[in-house]
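Let's take a walk through this protein fold, one piece at a time. Keep the 3D view open and turn it as you read.

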Amino acid sequence: MNIAVGTARVREAAKKDCHLRFTSLLHYIKKPFLEAAYHNLKKTAAVGTDGVSWEEYGKDLSKNLDNLTEEIHSERYRAKPSKRTWIPKGSGGERPIGIAAIEDKIVQQALVWVIEEIYEVDYMGFSYGFRPNRNQHNALDALYVAITQLKVSWIIDADIKGFFDNIDHDKLMECLEIRIADKRVLRLIRRFLKAGVMEDGELSGTVVGTPQGSVLSPLLANVYLHYVQDVWVNSWRKNRARSEVYIVRYADDSVIGFQYKSDAEDLLRALKSRFAQYGLTLHEEKTRLIEFGRFAEQNRKLRLEGKPETFDFLGFTHICGKRRNDGKFTLTRKTIGKRMNKKCTEIADLLMKRRHWKVDEVGKWLRSVLIGHYNYFAIPGNSQSLSAFKTAISYAWLHALRRRSRKGRSMNWASMSKIIRFWLPTPKIVHPYPNQRLRV
């Protein structure tokens with residue numbers, strides 16, 4: 001089934017009337033739609049509290065989807081609790097992830113396909129997270145161009161404290177009701193929000209928040225921040241700012257650029273108050289206002305202050321740098337050091353566990369790891385970090401091979417270099433400069 005064709009009428013109607021409230025959406029979620037949602041799911045994903053895998057559910061797919069469709073349209077369908085698990089955070093600590101039951105995943109995916117047709121028309125251009133045909137590099141490109149070519153002298157690096165865990169359910173439903181008037185769809189969404197979580201055999205209810213890891217959660221988070229932050233900030237910069245204000249948001253991570261410090265200070269105060277109305281708070285330690293941009297170093301030098309501070313966004317540390325050929329300002333972006341070091345440590349631990357594997361098996365695995373790393377981090381100006389990553393992995397592999405046996409300890413760097421040249425790809429920049437990509 002062609003999903004875009006199936007929901008095209010929703011998008012067309014949303015485009016024609018920005019105030020239209022959709023009263024009939026559930027009828028789109030029929031068996032062919034649910035079947036397409038099933039096939040769109042990750043086949044090897046962890047099972048939820050129902051204990052049913054993707055493959056097991058598909059053994060009698062037609063009958064299962066017939067029953068599911070009937071339950072949805074008779075409003076007898078009830079969401080199951082998510083199974084809570086914990087994964088490491090890039091900045092340290094752990095993040096809770098909710099694993100939904102297989103049928104919940106199917107229904108949520110179908111809902112996303114219908115509802116996103118409405119909001120893709122409404123979303124602001126500076127919103128990039130969890131949207132079709134948009135990704136992290138689009139957000140990074142937009143930020144690069146804003147800082148290097150537009151009037152940016154101050155930056156707010158905004159971090160919302162525990163965003164996904166603190167979304168107010170009633171406020172979220174109010175946001176959804178601005179565009180959705182189909183009570184059956186709204187009740188279905190609320191059931192997912194209230195389904196609760198299961199951890200170590202104990203069920204706990206959910207009063208606030210959306211479980212990270214669920215199919216529906218990114219869409220709901222985007223809708224919430226669209227009304228709570230994006231629409232409000234866009235109005236603020238048009239009506240209250242003295243000069244230019246530029247925004248880039250990816251999910252709950254935002255960077256806002258200003259020409260004047262006074263505008264930045266005013267917006268930061270107002271944004272804290274705005275968030276408080278919706279149960280959100282800015283992280284005091286991670287949210288910063290810094291001087292940054294083309295004139296930051298010169299202005300700070302005149303005031304006898306140090307170099308401009310740096311900030312992190314989507315895996316990269318952003319630094320006020322200079323071009324080698326003419327010494328003019330450029331935005332330098334490097335892989336976040338702590339994150340890269342943590343990744344290297346994780347791979348080194350895995351190499352030790354796999355030290356008795358055949359060299360070609362480890363080589364194939366490491367090659368895929370490095371290619372995946374390069375595909376994201378191989379941006380212009382980041383060659384040094386890429387080379388450092390490969391070098392760290394190479395030494396970790398050598399250490400693991402030397403620990404295989406007494407014979408392995410005789411492995412020298414010359415012999416290791418041949419293995420590295422054969423298996424580990426040389427880092428190459430794969431992304432164009434942002435202004436080139438945006439021009440295209």
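In this predicted model, three strands make an open sheet, lined up in the order S9-S10-S11, with antiparallel pairing. Strand S9 (311–313) and strand S11 (329–335) sit at the edges with a single partner strand each, so one side of each has no neighbour in the sheet. On average, neighbouring strands here are turned by 40 degrees against each other, direction ignored.

Zoom in on S9 and you'll find three bridges joining S9 to strand S10 (residues 316–322), the two running antiparallel. Look for Phe 311, which stands opposite His 318 in S10. There's a helix to spot here too: helix H7 (residues 136–149) lies across S9, S10 and S11 and runs at about 150 degrees to S11.

Now for another sheet. Four strands form an open sheet in the order S6-S7-S3-S8, and the pairing is antiparallel. Which strands stand at the edges? They are strand S6 (245–250) and strand S8 (288–291); each has a single partner strand, so one side of each is left without a neighbour in the sheet. From one strand to the next, the twist averages 15 degrees. Within this sheet, strand S3 (residues 154–159) and strand S7 (residues 253–258) run antiparallel and are joined by six bridges. One spot to click on is Trp 154, with Phe 258 in S7 opposite. Helix H10 (residues 217–239) lies across S6 and S7, at about 175 degrees to S6.

Strand S1 (residues 82–88) is worth a look as well. S1 pairs with strand S4 (residues 197–199) in the parallel sense, over two bridges, while the pairing of S1 with strand S2 (residues 94–99) is antiparallel and has six bridges. Here are some of the strand pairs side by side, with an example of facing residues for each.

| Strand pair | Sense and bridges | Facing residues |
|---|---|---|
| S9 and S10 | antiparallel, three bridges | Phe 311 and His 318 |
| S3 and S7 | antiparallel, six bridges | Trp 154 and Phe 258 |
| S1 and S4 | parallel, two bridges | Lys 83 and Met 198 |
| S1 and S2 | antiparallel, six bridges | Trp 86 and Pro 96 |

On to a pair of helices. The axes of helix H3 (residues 31–40) and helix H5 (residues 61–73) come within 9 Å and cross at roughly 120 degrees. An angle from 65 to 115 degrees would count as roughly perpendicular and one over 145 as roughly antiparallel, so H3 and H5 are oblique to each other. The crossing of H3 past H5 is right-handed. Who meets whom? On the H3 side there are Lys 31, Leu 34, Glu 35, Tyr 38 and His 39, and the H5 residues they meet include Leu 61, Leu 65, Asp 66 and Ile 72. Sorted by type, the residues of the contact of H3 with H5 are six nonpolar, three polar and three charged.

Finally, two loop residues with a backbone quirk. Asn 133 isn't a glycine, yet has a positive phi of about 65 degrees. You'll find Asn 133 in the loop between helix H6 (102–122) and H7. Leu 314, also not a glycine, has a positive phi near 55 degrees, and belongs to the loop between S9 and S10. Which of the two is buried and which is exposed? Asn 133 is exposed, at a relative accessible area of 81%, whereas Leu 314 counts as buried, with 14% relative accessibility.

Terms used: Residues are numbered from 1 along each chain as its sequence is written. This is a predicted model: local features need pLDDT of at least 70, side-chain atom pairs count only at pLDDT 80 or more; totals for chains, interfaces and linings use all residues. Side-chain values use heavy atoms; hydrogens and water are left out. Two strands pair if DSSP finds at least two bridges between them. Axes are lines fitted to C-alpha atoms, for helices over the stretch in contact, and angles run from 0 to 180 degrees between N-to-C directions. Contact means heavy atoms within 4.5 Å. Angles under 35 degrees count as roughly parallel, over 145 as roughly antiparallel, 65 to 115 as roughly perpendicular and the rest as oblique. A crossing is left-handed if the near helix is turned anticlockwise from the far one by less than a right angle, and right-handed if clockwise. Ala, Val, Leu, Ile, Met, Phe, Trp, Tyr, Cys and Pro count as nonpolar, Asp, Glu, Lys and Arg as charged, and the others, Gly among them, as polar. Buried means under 20% relative accessible area, exposed over 50%, partly exposed in between (1.4 Å probe, protein chains only).
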